[in-house]
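Reader: Got a minute? I'm new to this one and would like a quick tour.
Author: Sure. Pull it up and ask away.

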Amino acid sequence: MANANVSFGLKPVGKHGSSPATQGTSQYFIASDASAIFQGSPVRAELTGGTIQIATATCDGVQLLGVFAGCEYVDATTGKLKFSNTWPGSGSANTNFDIKGFVYDDPAQRFIIASDGTNTDRATAKADIFGVFPLASGTSGNTTTGISSAVLDISEKNNTDPSLPLMVLGIHEDVTNADHSAAGVSYIVKINNHALNGADVDAAIS
């Protein structure tokens, strides 16, 4: 049967080792003219403004700072402080105040993400563990729910390319998303090219 969830971005699901806890978020700034960022979207550092921004559709060759959790800003229309799971984009905030974005930025953080296509069966899916992959739809999201529509590009596995953004660490055990003949199987991943593991948070990777 088809899987229940086929796109929800990256969801935190504990850390490496024995700790089951999800790491809290860190605060960064968002530029008032930044493009929309959805909850579960991969984000990167923007050095010239000291801000964060949504990454790219595939995130290939991009150092990721982490995954967007939500934001806080003063609404441009109401003048009231607003907490939101999504940054709507340019024109949303009163530019006299900081726009604060919250990011799951611990390099040890694990996430779950849905696959964009079928992987045939569980044995094939298990063979993908420790492979690296790009994302698909990394900049897209649902403007009603504020949730990212990023998914794992399951057909583009590579075992050696350091530029690819995600490494698969396991299969998320979820009975509602266990049909390996359909899109939407959830994988446990880590950020493969984390910005906080390097000396230059905005360097290209090749």
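Reader: Threonine 51 first. Is threonine 51 buried or exposed?
Author: Buried. Its relative accessible area is 11%, and under 20% counts as buried, so threonine 51 falls on that side. Keep in mind that this is a predicted model.

Reader: Where does threonine 51 lie?
Author: In strand E4, which covers residues 51-54.

Reader: And what is threonine 51 in contact with, leaving aside its neighbours within four places in sequence?
Author: Phe29, Ile30, Ala31, Arg44, Ala45 and Glu46. Take phenylalanine 29. In sequence, 22 residues separate it from threonine 51. In space, the two are 4.8 Å apart, C-alpha to C-alpha.

Reader: Ile30 is on that list. Which core is Ile30 among?
Author: Let me start with the largest nonpolar core, which has 21 residues. Those with the most contacts inside that core are Leu10, Ile113, Leu135, Leu152, Leu166, Tyr187 and Val189. Strands E8 (109-114), E12 (166-171) and E13 (186-191) each supply at least two of its residues. Ile30 belongs to another core, which lies apart from the largest one. That other core has 15 residues, including Ile30, Cys71, Ala93 and Ala195.

Reader: Sheets next. In what order do the five strands of the open sheet come?
Author: E1-E8-E13-E12-E9, with antiparallel pairing.

Reader: Which are the edge strands?
Author: E1 (11-15) and E9 (132-133). Each pairs on one side only.

Reader: How many bridges pair E1 and E8?
Author: Three, in the antiparallel sense. Lysine 11 stands opposite isoleucine 112 in E8.

Reader: What ring does lysine 11 lie over?
Author: That of phenylalanine 8. Lysine 11 is over the face, at 4.4 Å from the ring centre.

Reader: Rings, then. How many aromatic pairs does the count come to?
Author: One. The partners are tyrosine 73 and tryptophan 87.

Reader: Why is the pair called edge-to-face?
Author: The ring planes of tyrosine 73 and tryptophan 87 are at 90°, and over 60 degrees counts as edge-to-face, so the label fits. Their centres are 5.2 Å apart.

Reader: Where do the two partners, tyrosine 73 and tryptophan 87, sit?
Author: In distant parts of the chain, 14 residues apart. Tyrosine 73 is in strand E5 (residues 66-74). Tryptophan 87 is in the loop between strand E6 (81-84) and strand E7 (100-104). Both tyrosine 73 and tryptophan 87 are buried.

Reader: What stands opposite tyrosine 73 in E6?
Author: Lysine 82. E5 and E6 run antiparallel, and four bridges join them.

Reader: How many residues are between the strands in the hairpin of E5 and E6?
Author: Six. In that hairpin, glycine 79 takes a positive phi near 75°.

Reader: Last topic, cysteines. How many disulfides does the count come to?
Author: Zero.

Reader: Why is cysteine 59 in no disulfide?
Author: The nearest cysteine sulfur, that of cysteine 71, is 19 Å away, and a disulfide needs the sulfur atoms within 2.5 Å, so cysteine 59 has no partner by that rule. Cysteine 71 is in no disulfide either; its nearest cysteine sulfur is that of cysteine 59.

Reader: Are cysteine 59 and cysteine 71 buried or exposed?
Author: Cysteine 59 is buried, with a relative accessible area of 0%. Cysteine 71 is buried too, at 3%. Cys71 is also among the residues of that 15-residue core.

Key: Residues numbered from 1 in each chain as written. Predicted model: local features only at pLDDT ≥ 70, side-chain atom pairs only at ≥ 80, totals over all residues. Heavy atoms only, no water. Core = buried A, V, L, I, M, F, W, Y, C linked by side-chain atoms within 4.5 Å. Buried < 20%, exposed > 50% of the residue type's maximum accessible area, 1.4 Å probe, protein only. Phe/Tyr/Trp six-rings, centres within 6.5 Å; stacked < 30°, edge-to-face > 60°. Lys NZ or Arg CZ within 6 Å of the ring centre and 35° of its normal. Pairing = 2+ DSSP bridges. Contact = heavy atoms within 4.5 Å.
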